[in-house]
Amino acid sequence: MESKPSSVSQIQPPTFGNLITVLSIDGGGIRGIIPATILEFLESQLQELDGEEARLADYFDVIAGTSTGGLVTAMLTAPDENNRPLFAAKDIKPFYLENCPNIFPQERGPFCSIAKLFKLVTGPRYDGKYLHKLVKEKLGTTKLSETLTSIVIPTFDIRQLQPTIFSSYEISRDPTMNVQLSDICIGTSAAPTYLPTYYFKNEDKEGNVREFNLTDGGVAANNPTLVAIGEVTKQVCRKNQDFFPIKPMDYGRFLVISIGTGAAKIEQKYTANKAAKWGAINWIHNDDGSTPLISVFSQASADMVDLNLGAVFQALHSEDNYLRIQDDTLTGTLSSVDISTKENLSNLVKVGEELLKKPLSRVNLETGLTEPVKTGGTNAEALKKFAELLSKERKLRQERSPNNKVGNY
């Protein structure tokens with residue numbers, strides 16, 4: 001992709017500021033509409049402060065995403081022909097509303113439930129062809145090294161049986177990881193039972209070839225916040241000058257926004273006595289149409305990360321630097337990752353909008369449940385405060401930078 005110079009300067013390294021800024025987006029299929037709504041609001045607040053040209057990639061040192069969150073990450077950071085983000089945050093929600101019905105086409109008719117069950121037995125529910133074509137058209141040949149800020153996207157290699165983390169920070173150490181964003185997005189979104197696993201290979205300039213056999217990043221980290229912080233911490237330990245003089249585990253220097261894709265309301269619909277009778281089919285297709293196995297490991301992964309980070313930030317008295325926004329009241333088709341009817345997609349938009357109005361919540365380290373923060377205000381008010389911090393940090397770095405490129409705003 002040929003890019004033209006932009007009059008808007010990209011974010012300066014953390015060494016010129018006081019904070020390390022991290023944005024993280026969970027996996028969750030069509031529920032990516034929820035963080036899309038949250039991100040649109042956050043970007044609008046930054047634009048109120050710094051002008052209409054402001055984009056999220058201008059403010060975060062690293063943006064991380066898993067599965068559907070990985071796709072959003074690529075959309076926010078891939079450059080267009082003017083070397084600006086390919087998508088503004090406000091463009092993501094319409095993208096989902098337009099394309100999800102084709103990515104996850106719904107079976108109709110009196111025998112649709114039987115057809116779904118047959119597909120589960122014989123292969124993934126969806127062939128992924130529309131998604132693959134769409135992603136390749138939108139992202140073109142853009143590579144990981146070309147994103148406008150650093151990104152981190154987890155996948156899982158089923159041949160190696162270990163996570164494969166596509167990280168902007170690592171491609172200088174392993175050039176075979178500098179693959180096309182479209183391949184990363186297809187790999188991280190290849191949810192087991194829903195979409196087919198994805199194979200591709202990449203060759204670096206020295207002729208070294210690496211093969212990838214990927215499934216959904218949610219297998220490794222459905223909430224990639226801790227992975228993103230880990231990638232930054234490695235750079236600090238390696239004494240990367242962009243992070244000097246920050247010290248490892250200096251969580252007081254992190255400013256983190258972690259956005260979930262929603263979780264099912266605690267209805268206690270599964271019990272040990274009931275599940276004790278389940279076979280393989282029941283674990284991947286329950287009577288209510290849900291996929292208990294996928295729900296269990298993805299929700300467990302996301303919650304464990306939030307619990308871990310909540311404990312660390314609170315222990316270091318930096319809890320105000322960590323913002324987790326998640327809706328845990330989804331019921332029925334709203335909690336699905338693939339029911340892409342017009343009604344359900346519209347209702348997910350409403351969930352995101354209502355989530356902005358809900359009180360700021362934080363995990364209770366004793367119970368593991370999230371609870372409203374006293375005098376914390378709403379999620380929208382918290383995002384406004386974080387937008388102010390992000391704007392101040394960006395301007396501070398520009399002032400301290402030896403290049404002193406202020407740009408348009």
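This report walks through some strands, salt bridges, loops and surface residues of the structure shown above. The model is predicted, and the values below are computed from it.

## A strand on the inside

A good place to begin is strand S3, which covers residues 150–157. Is this strand enclosed or open to the outside? Eight of its eight residues are buried, so S3 is largely enclosed by the rest of the structure. If you look at its two sides in turn, you will find Ser150, Val152, Pro154 and Phe156 on one, and Ile151, Ile153, Thr155 and Asp157 on the other. Both faces are covered, with all of these residues buried.

Which strands pair with S3? Strand S2 (residues 62–65) runs parallel to S3 and is joined to it by three bridges. Within that pairing, Val62 has Ser150 of S3 as its bridge partner. Strand S4 (residues 162–167) is antiparallel to S3, and six bridges hold this pair. Strand S6 (residues 209–215) also runs antiparallel to S3, with two bridges between them.

Asp157 is a handy residue to follow here. In S4 it stands opposite Gln162, and in S6 Asp157 stands opposite Leu214. S3 and S4 form a hairpin with four residues between the strands, and in this hairpin Leu161 takes a positive phi near 55 degrees.

## Salt bridges across the sequence

Next come the charged pairs. How many salt bridges does a search of the whole structure find? The search finds 17. Three of them are set out here.

| Salt bridge | Closest N and O atoms |
|---|---|
| Asp26 and Arg324 | 2.7 Å |
| Asp58 and Arg84 | 2.8 Å |
| Arg238 and Glu170 | 2.8 Å |

Take the pair of Asp26 and Arg324, with its closest N and O atoms 2.7 Å apart. This pair links distant parts of the chain, 298 residues apart: Asp26 sits in the loop between strand S1 (20–25) and helix H1 (33–50), while Arg324 belongs to strand S8 (residues 322–325). Both Asp26 and Arg324 are buried.

Now turn to the salt bridge of Asp58 with Arg84. Here the partners are 26 residues apart, with Asp58 in the loop between H1 and S2 and Arg84 in the loop between helix H2 (68–77) and helix H3 (89–103). Asp58 has 2% relative accessibility and counts as buried. Arg84 is buried as well, with a relative accessible area of 10%.

The last pair in the table is Arg238 and Glu170. Arg238 lies in the loop between H8 and strand S7 (254–259), and Glu170 in the loop between S4 and H6, so their salt bridge ties together parts that are 68 residues apart in sequence. Arg238 is partly exposed at a relative accessible area of 34%, whereas Glu170, at 14% relative accessibility, counts as buried. The pair also belongs to a network: salt bridges that share partners join Glu170, Arg173, Glu231, Lys234 and Arg238.

## A buried threonine

Helix H8 (residues 225–237) includes Thr225. Is Thr225 buried or exposed? With 0% relative accessibility, Thr225 counts as buried. Its side chain makes a polar contact of 2.6 Å with the side chain of Asn223. Setting aside neighbours within four places in sequence, Thr225 is in contact with Ser24, Val256, Ser258, Val305 and Leu309.

## Two loop threonines and a surface patch

Two other threonines have positive phi values. Thr193 has a phi near 75 degrees, a positive value in a residue other than glycine. You can find Thr193 in the loop between helix H6 (181–188) and strand S5 (198–203), where it is partly exposed with a relative accessible area of 23%. Thr375 is not a glycine either, yet its phi is positive, at about 60 degrees. The loop between strand S10 (370–372) and helix H13 (379–400) holds Thr375, and this residue is exposed, with a relative accessible area of 85%.

Finally, which residues make the nonpolar surface patch of about 250 Å²? They are Trp283, Leu293 and Val296. Of these, Leu293 has its place in helix H11 (residues 292–315). Leu293 counts as partly exposed, at 40% relative accessibility.

Methods
Residues are numbered from 1 along each chain as its sequence is written. This is a predicted model: local features need pLDDT of at least 70, side-chain atom pairs count only at pLDDT 80 or more; totals for chains, interfaces and linings use all residues. Side-chain values use heavy atoms; hydrogens and water are left out. Patches are made of residues with over 30% relative accessible area and no salt bridge: like charges are joined within 9 Å, nonpolar side chains (Val, Leu, Ile, Met, Phe, Trp, Tyr) within 5 Å. Accessible areas come from the Shrake-Rupley method with a 1.4 Å probe; for residues, only the protein chains shown count as cover. A salt bridge is a side-chain nitrogen of Lys or Arg within 4 Å of a carboxyl oxygen of Asp or Glu. Buried means under 20% relative accessible area, exposed over 50%, partly exposed in between (1.4 Å probe, protein chains only). Two strands pair if DSSP finds at least two bridges between them. A polar contact is a pair of N or O atoms within 3.5 Å; within protein, one must be able to donate a hydrogen and the other to accept it, and residues adjacent in sequence count only if both atoms are side-chain atoms. Contact means heavy atoms within 4.5 Å.
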